[in-house]
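Trainee: I have a new model open and would like to understand the words used to describe it. Could you take me through them?

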Amino acid sequence: DSGGGGRGALAAFVRRRPDGAARLQLALHVSDSTGEADVLCLGRAAEELLGGATAGDIVACSSDGGSSAEGRGRRCDAALEAVSRLTAPGTFCEAKVRSTVGKDGRLYFILKSLFYVPSDPD
């Protein structure tokens, strides 16, 4: 659904910072033949993952019932398409991930970039 309802679902990816600014934040559960991990996707990497949509675009599309300005609407639609493609069964991607230790002493994985590897059309 690329209308207001689908666009509104994108709002789950927007987090408000203490200063009120909006920021994209989501997590991906990824796996390969060696293991699996949860990977945080923040800021610019999240924008790229969501087809170029920014937190501001998503807030606007979510709050106006999908009747956002044409450019923002297109970016929100691209974000929905990206989520659909990313979550489709059999999707294969290649990613650059870095690890960091958080203030809580836990190990976190942060997505730096991701691109889709085209599937064989056969």
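Mentor: Let us go through strands, a helix, a disulfide and a pocket, one question at a time.

Mentor: First, some background: this is a predicted model, where local features need pLDDT of at least 70, side-chain atom pairs count only at pLDDT 80 or more, and totals for chains, interfaces and linings use all residues. Residues are numbered from 1 along each chain as its sequence is written, and side-chain values use heavy atoms, with hydrogens and water left out.

Trainee: What makes β1 and β2 a pair of strands?

Mentor: Strands are DSSP runs of E with at least two residues, helices are runs of H or I with at least four, and both are numbered from the N terminus. Two strands pair if DSSP finds at least two bridges between them. Strand β1 (residues 14-16) and strand β2 (residues 22-32) are joined by three bridges, so they qualify as a pair, and they run antiparallel. In this pairing, Val-14 stands opposite Leu-24. The hairpin of β1 and β2 has five residues between the strands, and Gly-20 there takes a positive phi near 95°.

Trainee: How do you know that β2 also pairs with β3?

Mentor: Eight bridges link β2 to strand β3 (residues 35-42) in the antiparallel sense, so the requirement of at least two is met. Here Val-30 faces Ala-37 of β3, and two residues lie between the strands of this hairpin.

Trainee: Which strands pair in the parallel sense over two bridges?

Mentor: Those are β3 and β5. Two bridges satisfy "at least two", so this counts as a pair. Leu-40 has Ile-110 in β5 as its bridge partner, and Arg-98 also stands opposite Ile-110. Strands β4 and β5 run antiparallel, with nine bridges between them; Cys-93 stands opposite Tyr-116 in that pairing.

Trainee: Why is the link between Glu-47 and Arg-44 called a polar contact?

Mentor: A polar contact is a pair of N or O atoms within 3.5 Å; within protein, one must be able to donate a hydrogen and the other to accept it, and residues adjacent in sequence count only if both atoms are side-chain atoms. The side chains of Glu-47 and Arg-44 are at 3.1 Å, so the distance fits the limit. Glu-47 belongs to helix α2 (residues 43-49). Leaving aside neighbours within four places in sequence, Glu-47 is in contact (heavy atoms within 4.5 Å) with Leu-24, Gly-52, Ala-53 and Thr-54.

Trainee: How do you know that Cys-61 and Cys-76 form a disulfide?

Mentor: A disulfide is a pair of cysteine sulfur atoms within 2.5 Å. For Cys-61 and Cys-76, the S to S distance is 2.3 Å, so the pair qualifies. The disulfide links distant parts of the chain, with Cys-61 in helix α3 (residues 55-63) and Cys-76 in helix α4, 15 residues apart. The structure holds one disulfide.

Trainee: Why is the disulfide called right-handed?

Mentor: The torsion about the S-S bond of Cys-61 and Cys-76 is about 105°, so the disulfide is right-handed.

Trainee: What makes 19 residues of the lining of the largest pocket nonpolar?

Mentor: Ala, Val, Leu, Ile, Met, Phe, Trp, Tyr, Cys and Pro count as nonpolar, Asp, Glu, Lys and Arg as charged, and the others, Gly among them, as polar. By that scheme the lining divides into 19 nonpolar, six polar and three charged residues. β2 gives the most to this lining, with six residues.

Trainee: What counts as a pocket, then?

Mentor: On a 1 Å grid over the protein atoms alone, a pocket is an open set of points with protein on both sides within 12 Å along at least five of seven lines, while a cavity is a set where a 1.4 Å probe fits but cannot get out; lining residues have an atom within 4 Å of a point.
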